[in-house]
Amino acid sequence: MVQKVKFLRVFVFLIVFIVMLVSSFLIKGGFEGNLIKTIMPSDITKNEDVIPLYNKFNSDVRVIFESKNEEDLKKVKEKFILEANEKFLIKDNDFSNLIKKYSSSPTNFLSKKTKKLLKDKKYDEIYNNALMELYNPFNIQIVPYDKDPYFLLSDFLLSLKPDYGDKFFDDKYYDCIVLKLSDNSGLAPDNSNILIEDLIKIKERIENDDVAIYLSGSPVHSYYTSKSAKFDINLICILSTLLTFILTYLSFKNLKIIIPVFLSLIFGITGGIFALKIFFGNIQLLALVFATAIIGLGVDYSFHYFFSKNEKGFIKNLTTSLISTAIPFIIFYMTGIELLREIAVFIVFALICIYLFVLFLFPCFKLDDPVTFLKPNLKFLKIIFFALTLLFLFSGFKLKFNDCLTSFYVPNYELMKSEKLYERLSNGLSDYKNIIILKGENYEDIIQKNEKVSSLLDTKEIKYLSVSDFVKSENTQIENYNFVHGLYNSNLDKIELLTKEQKQNLKNETFKPVEFSAELKTKFDDFFLNDKTSIILSKEPLNINGIFEINLTAEISKFLKSYRVKLLKILPLACLCIFFVLSFIYKIKTAFKISLPLILGLFPTVFISCMIARELNLFSIISLFLILGFTADYFVFKTDSKNSSSAVFISFCTTSFSFLLLSFSSFKLLSSISLVLFIGILFSYVLSCLVFKK
Amino acid sequence: MKFLRLFFVFLLFLFSKAFANVFDYPSSASKINNELKLSDVRLRFEQKRTFKNVDKPVVSSGDFVFLKDRGAYFYTKFPVEATLEYTRQTNKQANDIINAVMRGQFDKIENVFALFYYKENSKWKLGLKPKNNAQAAEYLSDMQIYGENYITQIIINFKNGNKTEIWFKK
């Protein structure tokens, strides 16, 4: 009979597992690696331009060449282009054809300064400027003198030049090429990582002692970040698993019990993913990263089972533990923040699955009882408590938050150097953070709108980069032509070098529009999101109604701040909920005894973490909720379980050890979360031991 | 008669040296750096510019000043008064060339220009030809600079047929 019940249980769980697994694959939706969609609220990301915009600014790779010898640099650059050409689209920066187009109708293009002089009919000033150029021995004339006696085209071309930085500084030559990765590489870093790996191989093959090559741009940062994070996580997983094995072996003198623990986790994770698919369809990859916390939480249930299964009230304790752990995550769900909702759904459902697995299937395994009960040294814990209290007092109770997106990540020395080099070579391109989006029916319409907004920016003296600096609409070309012919009619007779016939030819010249659609699609595609949408980059916002502008970095930072504030506000609610639930299960006094140290432990955690990390962010606050979830069972089991001490000790050791190691990770986001979690878990554990000494 | 012929050949040999085309003498930055030493100078200049499709040349004159620490200045006095500066901030590319010549830093332009150098007694000739892949090659054909203790003449030939000649005198 007992065997039959066991078989039935296994059968039911197997069926449920298969159903969940198959459904997870069958339900429509996949893994969403789009970080912007994860962080930005849906009303922003619904704007059809925001995602392509984010992708545009995060899918370019800049390759910077550095050498003391320009010839060596050029050779290496050519070799690099030859190799990279096979896999990457190299952005065209050859403007010689464009100059030929300008030269075909030189009167159609004017610098802003000259245009203003012509508008104000200051013909003598233009004439004097032309004289200066005439006597300039090194003056380079783009078109023959008889076609442009006032050197207006040279003046226009020179007016475009300040946008490019110096290519020789600190006694070294520099050059830069821009590679375009696939269309979605800015949104799905995993796709671009393979390409970046290829690029790094080319770089390593080609660079030599005389020429250094630096890579910069978002995909490169993503590659190195994920590589170092992967290494850190793998190493820490191995070390944590080893510690779990050692502690398990010390307690049971065999490692067989690892098998049911492992199966419970697999069942839990499958249940979590199934729930995510049912609730959301698409699963955010970042949510899954946080959801790995389930491993630490799930293992705790198994150890509680092994050490306290025969005690009266074990099921009550495990259920209470489940409820108190789930509460902070249920509160997460109520925030309305997509990322947090997904973490909440995953963890709560995975926990329920593990809880059911432990309660119903663990009895089906022939498991040995522990032979050794590991216990911490109380004196040692008191010293830790004293040290943590001292740190808390030394923290000065100061809190500093930094919600800026860039604060989550500190690049390594070489990447930092390459970004600084690019900054210098591009003449401070990263200062142009404000993006103005303009829509038009066709290229002519778009360029006209660019010209209008550019003139507004000029009026406000805001620096900007616009396609209309390089390409003029037909209307503007006509306007320029008329201005120049006004000059010819009033001033051309002063030009002594030209014959009467040449002067007459200039005056009789008819308007010939220059068409740029081919260049707009190739050379200037940086200024376009699609055929009907263009962008202007400006240093400051224009702030004019009807013009959509966005600063992506500031916008994301703004949302991160609003999420952090929201979470800080609901943290007390989570604590209150835990207290109320516990007061239903236990007496009020016991509920206080459990929840008060659990909640009070968060204060020193926050201040100590801020003192060590210098500043906190949204993810530090998420970590506080995780601490509540992680450590609630320490207090619950210590309340009325005799043998829980060992289970809690093993849980604490494995969990805190992982986070302690992760807090040294080179990836700042990972290290800042782990630091808070380590301090919080350590403090909660010490408090649980001191409060429940028996 | 035979003597006269020999004398003629000797004269031709002498002239061939004197009128040697500098572009027949490729050189290197290190060699020119060692041999060509010029210092701060103030000279009179006369300039003639000829433009394609324009019959009359543009003639001007004035003072030329080169200060190692600051750059080169053309103070045009005839037919108009104008100042042209070639410093780090203004006309940088031209300044690089002037600097290289005046300060003996040819290694800084060697990557852009093929260098040619010929010296006989105290007279020297310097030739600069933009390398094929250099941006300057699109506009500039070549540049010839002649001198003794100081620069005596500069000839700049542009790709579009324009030409600038400058003569310097103390």
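## Nonpolar surface patch on chain A

In this predicted model, helix H17 (378–394) and helix H25 (602–613) of chain A each contribute at least two residues to a nonpolar patch. The patch lies on the surface and consists of A:Phe386, A:Leu390, A:Leu391, A:Leu393, A:Phe394, A:Phe397, A:Met611 and A:Ile612. Together these residues have about 800 Å² of accessible area. H17(A) provides the largest share of the patch, with 5 residues.

One of the patch members, A:Phe394, belongs to helix H17 of chain A. A:Phe394 counts as exposed because its relative accessibility is 65%, and the threshold for that class is over 50%.

## Backbone geometry in two loops of chain A

As a rule, most residues other than glycine have a negative phi. Two residues of chain A may be considered against this background. A:Arg614 is not a glycine, yet its phi is positive, at about 75 degrees. A:Arg614 occupies the loop between H25 and helix H26 (618–640) of chain A; H25 itself is one of the helices that supply the nonpolar patch. With a relative accessible area of 67%, A:Arg614 is classed as exposed.

A:Asn543 likewise is not a glycine and has a positive phi, here of about 55 degrees. The loop that holds A:Asn543 runs between strand E11 (533–538) and strand E12 (548–550) of chain A. A:Asn543 is exposed, since its relative accessibility is 60%.

## A buried threonine in helix H11

A:Thr244 is situated in helix H11 (residues 218–252) of chain A. Its relative accessible area is 16%, and A:Thr244 is therefore buried, the limit for this class being under 20%.

When neighbours within four places in sequence are set aside, A:Thr244 is in contact with A:Phe303 and A:Thr654. A:Asp175 stands 69 residues from A:Thr244 along the chain, and the C-alpha atoms of these two residues are separated by 52 Å.

## Architecture of chain B

Chain B contains 3 helices and 9 strands. Along the sequence, these elements follow the order α-α-β-β-β-β-α-β-β-β-β-β. Of the 170 residues in chain B, 45% are buried.

Among the contacts in chain B with a separation of 6 or more, 43% involve residues 24 or more positions apart. The exposed area of chain B is about 9,600 Å², of which carbon and sulfur atoms supply 53%.

## Positive patch and cis peptide bond in chain B

B:Lys37, B:Lys68, B:Arg103 and B:Lys108 form a positive patch on the surface. Within this group, B:Arg103 is placed in helix H3 (residues 92–103) of chain B. B:Arg103 is partly exposed because its relative accessible area is 34%, a value to be read against the limits of 20% for buried and 50% for exposed residues.

Most peptide bonds are trans. The bond that joins B:Phe78 and B:Pro79, by contrast, is cis, with omega about 0 degrees. B:Pro79 lies in the loop that connects strand E3 (71–78) with strand E4 (82–86) of chain B.

How values were computed. Residues are numbered from 1 along each chain as its sequence is written. Chains are lettered from A and ligands numbered from 1 in the order in which they are written. This is a predicted model: local features need pLDDT of at least 70, side-chain atom pairs count only at pLDDT 80 or more; totals for chains, interfaces and linings use all residues. Side-chain values use heavy atoms; hydrogens and water are left out. Patches are made of residues with over 30% relative accessible area and no salt bridge: like charges are joined within 9 Å, nonpolar side chains (Val, Leu, Ile, Met, Phe, Trp, Tyr) within 5 Å. Accessible areas come from the Shrake-Rupley method with a 1.4 Å probe; for residues, only the protein chains shown count as cover. A salt bridge is a side-chain nitrogen of Lys or Arg within 4 Å of a carboxyl oxygen of Asp or Glu. Helices (H or I, at least four residues) and strands (E, at least two) are DSSP runs, numbered from the N terminus. Buried means under 20% relative accessible area, exposed over 50%, partly exposed in between (1.4 Å probe, protein chains only). Contact means heavy atoms within 4.5 Å. Lys and Arg count as positive and Asp and Glu as negative; His and the chain ends are not counted. The place of a charge is taken as NZ of Lys, CZ of Arg, CG of Asp or CD of Glu.
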